[in-house]
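Open the model in your viewer and keep the selection tool ready. The stops below go one by one, each with something to select and something to look for.

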Amino acid sequence: TGTVLALLASPSLAVGFEYRDITGLDLNDRPDRWTAVPAGARPTVGAFSATASGLVSGHTYEFRAVAKHPLLPLYGRDLRLRLP
């Protein structure tokens with residue numbers, strides 16, 4: 001889940017998440033390719049969520065929330081998750 005804290009003078013924000021498989025990689029080897037998981041448009045502040053599919057057991061992923069403002073994309077903190 002993510003949370004829109006402000007709309008920044010925009011009528012709504014396209015929100016979602018991005019993830020990438022970082023299994024076996026260090027900080028310098030991480031690819032710039034992220035896979036998008038759209039959650040829709042957010043016309044007000046508040047929480048949003050989405051579900052990623054196709055993830056592989058035993059792999060480690062980085063996730064981040066993204067809100068697409070008309071001027072630039074805004075990213076949340078990168079979070080790491082290792083699937084059992």
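**Stop 1: Leu72 and its patch**

Select Leu72, in the loop that runs between strand S5 (60-68) and strand S6 (73-75). This is a predicted model. Is Leu72 buried, partly exposed or exposed? Its relative accessibility is 44%, so Leu72 counts as partly exposed. Buried would need under 20%, and exposed over 50%.

Now add Leu8, Leu71 and Leu74 to the selection. Together with Leu72 they make a nonpolar surface patch of about 400 Å².

**Stop 2: the loop with Leu8 and Ala9**

Stay on Leu8. This patch member sits in the loop between strand S1 (2-4) and S2. Leu8 has a relative accessible area of 48%, so it is partly exposed. Check its backbone: phi is positive, about 55°, although Leu8 is not a glycine. Most residues other than glycine have a negative phi.

Select Ala9. It is in the loop between S1 and S2 as well. Ala9 also has a positive phi, about 60°, and is not a glycine. How accessible is Ala9? Its relative accessible area is 87%, so Ala9 is exposed.

**Stop 3: the nonpolar core**

Move inside. Select Val4, Leu7, Leu13, Val15, Phe17, Tyr19, Val37, Phe48, Tyr61, Phe63, Ala67 and Leu83. These 12 residues form the largest nonpolar core. Strand S2 (13-21) and S5 each supply at least two of its residues. Which strand gives the largest share? S2 does, with 4 residues.

Keep Leu83 and show what surrounds it. Setting aside residues up to four places away in sequence, Leu83 touches Leu55, Val56, Ser57, Gly58, His59 and Tyr61. Tyr61 is a member of the core, like Leu83.

**Stop 4: strand S2 and its partners**

Select S2 as a whole. Why call S2 largely enclosed by the rest of the structure? Because 7 of its 9 residues are buried.

Show the backbone on both sides of S2. S2 pairs with strand S3 (residues 35-42) in the antiparallel sense, over 7 bridges. For a landmark in that pairing, pick Val15, which stands opposite Gly40 in S3. S2 also pairs with S5, again in the antiparallel sense, over 8 bridges. Here the landmark is Glu18, whose bridge partner in S5 is Arg64.

As you step along a strand, keep one rule in mind. In a regular strand the side chains alternate between the two faces of the sheet.

**Stop 5: Arg64 and Glu18**

Turn on side chains for Arg64 and Glu18. How many salt bridges does the structure hold? There are 3. In one of them, the side chains of Arg64 and Glu18 meet, at 2.7 Å from N to O. The pair links distant parts of the chain, with Arg64 in S5 and Glu18 in S2, 46 residues apart. Both residues are buried. Arg64 and Glu18 are thus paired twice: as backbone bridge partners and through their side chains.

**Stop 6: the Arg20, Glu62 and Arg30 network**

Next, select Arg20 and Glu62. Their side chains meet in a salt bridge, 2.8 Å from N to O. Arg20 is in S2 and Glu62 in S5, 42 residues apart, so this pair also links distant parts of the chain. Arg20 and Glu62 are both buried.

Add Arg30. Glu62 and Arg30 meet in a salt bridge at 2.5 Å, N to O. Arg30 lies in the loop between S2 and S3 and Glu62 in S5, so the pair ties together parts that are 32 residues apart in sequence. Glu62 has 5% relative accessibility, so it counts as buried. Arg30, at 15%, counts as buried too. Show Arg20, Arg30 and Glu62 together: salt bridges that share partners join them into one network.

**Stop 7: Thr60**

Finish on Thr60, in strand S5. Is Thr60 buried or exposed? At 15% relative accessibility, it counts as buried. Which residues does Thr60 contact, leaving aside neighbours within four places in sequence? They are Arg20, Asp21, Ile22, Thr23, Arg80, Leu81 and Arg82. Arg20 is the link back to the previous stop, where it joins Glu62 in a salt bridge.

Definitions and conventions
Residues are numbered from 1 along each chain as its sequence is written. This is a predicted model: local features need pLDDT of at least 70, side-chain atom pairs count only at pLDDT 80 or more; totals for chains, interfaces and linings use all residues. Side-chain values use heavy atoms; hydrogens and water are left out. Patches are made of residues with over 30% relative accessible area and no salt bridge: like charges are joined within 9 Å, nonpolar side chains (Val, Leu, Ile, Met, Phe, Trp, Tyr) within 5 Å. Accessible areas come from the Shrake-Rupley method with a 1.4 Å probe; for residues, only the protein chains shown count as cover. A salt bridge is a side-chain nitrogen of Lys or Arg within 4 Å of a carboxyl oxygen of Asp or Glu. Buried means under 20% relative accessible area, exposed over 50%, partly exposed in between (1.4 Å probe, protein chains only). A nonpolar core is a set of buried Ala, Val, Leu, Ile, Met, Phe, Trp, Tyr and Cys residues joined through side-chain atoms within 4.5 Å. Contact means heavy atoms within 4.5 Å. Two strands pair if DSSP finds at least two bridges between them.
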